[in-house]
Amino acid sequence: MMTNIELEQAAELVAAGSHPLGVESVPVSAALGRTLAQDIAAPLDQPPFDRSPLDGYALRAADSTDASPNYPVQLTVVDTVYAGNVAAIPVKAGQAVRIMTGAMLPQGCDCILRQEDTDQQTPVVSIFKSLKPHDNCVNRGEDYRKGSLLLPGGTRLDASAIGLLASAGVSETLPVRRRPRVLVISTGDEVVEPSMHPLPPGKIYDANLALLTARLAELGLTEITGRRAGDDPAALAQIIRQGQEHYDLILTTGGVSVGEKDIFHQVFPMLGAEQVFWRVKLKPGSPAMFSRYGSKPILSLSGNPFAAAATFELLGRPLLAALSGEPHFLPQERQAVLDTPFPKASPGRRFIRGRYECGRVTLPKGHASGVLSSFLGCNCMVDIPAGSEPLERGSRVNIILL
Ligand code: AMP
Ligand code: MG
């Protein structure tokens, strides 16, 4: 087992050996936010027919030669075609069809004149403008052609992609990258279910399970199960043994430090799990541990709620990216300027919570890893390098967006 490693190495180790879980089919209605696993070809031309982009008259360009306001050309209006209808009869020389936006170009016509360039009279309309073939026509297949690449595999399905698929009549299921089923286990004899009232002496409510399952849901995972376990190694080993059969990833909190009740040091040998690393050079959450049991990754985070949240972002997200094959799960880095000084020196690398807006970061009061209230409203973590002096207002910093 490696120990006391750099964050970057830890992130590489969790990702290495975690392969994309493959492809699953989901209904289009459930595909928002998912990542397309295969190319989708357009099943038809869009638009499916030549159509009018305006309200006016469909006619033959040859009939409009030399038409002008002073020398209008007169055409007989033989039909009216609205969006959704089809003209009844082909149009002949000397004739025109009244046409509305979105309607199919009648057979025999090759151009469309806007109604403002006519006198809008029936049954004979005077036209004031000469046109060329195709003028004002929206051509069939102008948006995309049947058989062309509509969406490449790897596309994140946002609202525009969902709209594009609907325009092509793709309505059933889509192949998307499968996302991991996650088991979250919070451990500690002191942590109790938030519904337990009154709170027994010496106990605290379990914040981590709620925080991590909510965060996973926020990131778009849907198959998430939470369990709570005490500090009994055999019982915890049993929960993990059962969990690894169904879940693709197990996340745990608590019990990874150096105390007598830091039971994971017993649990993994008991299970015969491969212990990949323990301890990462960062604060908070340095006792983070990573193991593999069977083929399943287990990421074990410190029990302090902010430490668990921070190391989930730093190590859990690369793991989700590796398991899903979806790079957007990776932490997003930015550069920013500190708007609030940070008065402590940082002998080791440190991540602190902050609020990022328009290139600037403000810091809350209260950075202890057991403090959760100051995390409220934060949307980033500032990455303070090892060996930093206190940071002044105006310092340039690297941040990770949450
Ligand atoms: P541990 O990592 O087990 O040593 O726990 C570190 C600190 O975090 C201790 O003060 C624990 O009581 C606290 N803690 C552990 N698990 C949780 C939890 N699920 N929710 C809130 N606090 C926790
Ligand atoms: Mg504990």
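**Exercise 1. Find the residues that Leu314 touches, leaving out those up to four places away in sequence.**

Solution. Start with the cut-off: contact means heavy atoms within 4.5 Å. With that in hand, Leu314 touches Leu7, Ala11, Leu282, Phe351, Met381 and Ile400.

A quick word on the ground rules: this is a predicted model, where local features need pLDDT of at least 70 and side-chain atom pairs count only at pLDDT 80 or more, while totals for chains, interfaces and linings use all residues. Residues are numbered from 1 along each chain as its sequence is written, and side-chain values use heavy atoms, with hydrogens and water left out.

**Exercise 2. Work out which domains give residues to the largest nonpolar core.**

Solution. First, the term: a nonpolar core is a set of buried (under 20% relative accessible area, 1.4 Å probe, protein chains only) Ala, Val, Leu, Ile, Met, Phe, Trp, Tyr and Cys residues joined through side-chain atoms within 4.5 Å. Next, the largest one has 40 residues, and Leu314 is among those with the most contacts inside it, as are Leu216 and Phe277. Then the elements: helix H6 (305–324), a DSSP run of H or I with at least four residues, gives the most, eleven residues. Finally, domain 1 (2–22 + 178–329) and domain 4 (332–401) both contribute, so the core lies between them; these bounds come from an automatic or database domain assignment.

**Exercise 3. Is Gln120 buried, partly exposed or exposed?**

Solution. Partly exposed runs between the buried limit and exposed, which is over 50%. Gln120 has a relative accessible area of 40%, so Gln120 is partly exposed. Its contacts include Tyr57 and Arg98, and the C-alpha atoms of Gln120 and Tyr57 are separated by 8.9 Å.

Definitions and conventions: Chains lettered and ligands numbered in written order. Helix = DSSP H or I, 4+ residues; strand = E, 2+ residues; numbered from the N terminus.
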